[in-house]
Amino acid sequence: AFMNGYGYSEVINYSFTSPNSADILGLGDDDGGQRFVRIKNPLTEDQSVMRITLVYGLLETMKKNINNGSFDLKFFEKGKVFIPEAGDGELPREGERLGALITGSRYDQLWHSKGVQVDFYDVKGCLENLLSMLRIEGVRFAPSVDIKCLHPGRACRVFVGEKEAGIVGEVHPDVLERMDIKRRAMVFEVDLDLLADRFTGAVVFKEVKKFPAVYRDVAFLVG
């Protein structure tokens with residue numbers, strides 16, 4: 001409901017994806033050994049593995065919309081990712097994630113705001129407001145240059161306490177080029193399982209000040 005109220009539309013992508021998605025996002029074998037859970041009887045090679053991130057699917061959705069003439073986009077997806085475990089025969093670790101993507105104009109095409117494009121702070125602000133609404137404490141944004149799918153100068157890791165909860169930033173130009181996307185895109189992806197553990201549900205009220213500040217004190221002399 002929060003994401004809808006913030007102007008984002010929900011999308012639902014397949015949980016299975018292309019094995020090329022890791023290379024397109026710049027994720028190598030050093031990001032966890034066996035990168036994917038493979039499907040034994042896939043319908044196509046493009047849907048032969050289970051996804052490890054929501055970002056690739058969000059970028060595919062963006063590309064499809066752009067190819068159909070929609071350039072100003074704000075959408076999100078809530079779904080599972082599947083991380084292989086190291087041991088043979090081990091079931092994959094399923095994680096609940098929330099991802100979002102924005103691109104194009106910040107506002108509707110109005111006369112006073114023509115040409116203003118979204119940037120890093122638009123997507124970061126949305127995530128900050130979401131975490132505040134969920135009353136997640138101890139949130140910290142740490143600039144990072146080693147998130148392989150994100151622009152090294154416009155990216156952050158999101159920490160809750162000492163645990164990494166997600167990423168936020170502008171998609172790396174190399175990723176966009178490999179997907180033949182010619183427009184900038186901003187994304188975030190957060191671990192909902194971790195956030196659920198940190199959700200307190202507590203509501204804190206502060207007493208209204210008895211003597212509020214006075215910003216203007218005007219006296220009139222009338223004849």
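## Pro152 and its contacts

Set aside the neighbours within four places in sequence, and Pro152 is in contact with Ser144, Val145 and His172. Keep in mind as you look around that this is a predicted model.

So where does Pro152 sit? You'll find Pro152 in strand 7, which covers residues 150-160. One of its contacts, His172, is 20 residues away along the chain, yet the C-alpha atoms of Pro152 and His172 are separated by 7.6 Å.

Is Pro152 buried or exposed? The answer falls in the middle: its relative accessible area is 35%, and because that lies between the 20% and 50% cut-offs, Pro152 counts as partly exposed.

## Helix 3

Now turn to helix 3, a run of 13 residues from 55 to 67. From its first C-alpha to its last, helix 3 reaches 18 Å, close to the 18 Å expected at 1.5 Å a residue.

Which residues of helix 3 are buried? They are Val55, Tyr56, Gly57, Leu58, Leu59, Thr61, Met62 and Ile66. Just after helix 3 comes Gly69, which takes a positive phi of about 90°.

## A nonpolar patch on the surface

Which residues make the nonpolar surface patch of about 400 Å²? Val218, Phe220 and Val222 do.

Let's pick out Val218. Val218 is placed in the segment after helix 6 (192-198). Its relative accessible area is 55%, and because exposed means over 50%, Val218 counts as exposed.

Note on methods: Residues are numbered from 1 along each chain as its sequence is written. This is a predicted model: local features need pLDDT of at least 70, side-chain atom pairs count only at pLDDT 80 or more; totals for chains, interfaces and linings use all residues. Side-chain values use heavy atoms; hydrogens and water are left out. Helices (H or I, at least four residues) and strands (E, at least two) are DSSP runs, numbered from the N terminus. Buried means under 20% relative accessible area, exposed over 50%, partly exposed in between (1.4 Å probe, protein chains only). Contact means heavy atoms within 4.5 Å. The expected span of a helix is 1.5 Å times one less than its number of residues. Patches are made of residues with over 30% relative accessible area and no salt bridge: like charges are joined within 9 Å, nonpolar side chains (Val, Leu, Ile, Met, Phe, Trp, Tyr) within 5 Å. Accessible areas come from the Shrake-Rupley method with a 1.4 Å probe; for residues, only the protein chains shown count as cover. A salt bridge is a side-chain nitrogen of Lys or Arg within 4 Å of a carboxyl oxygen of Asp or Glu.
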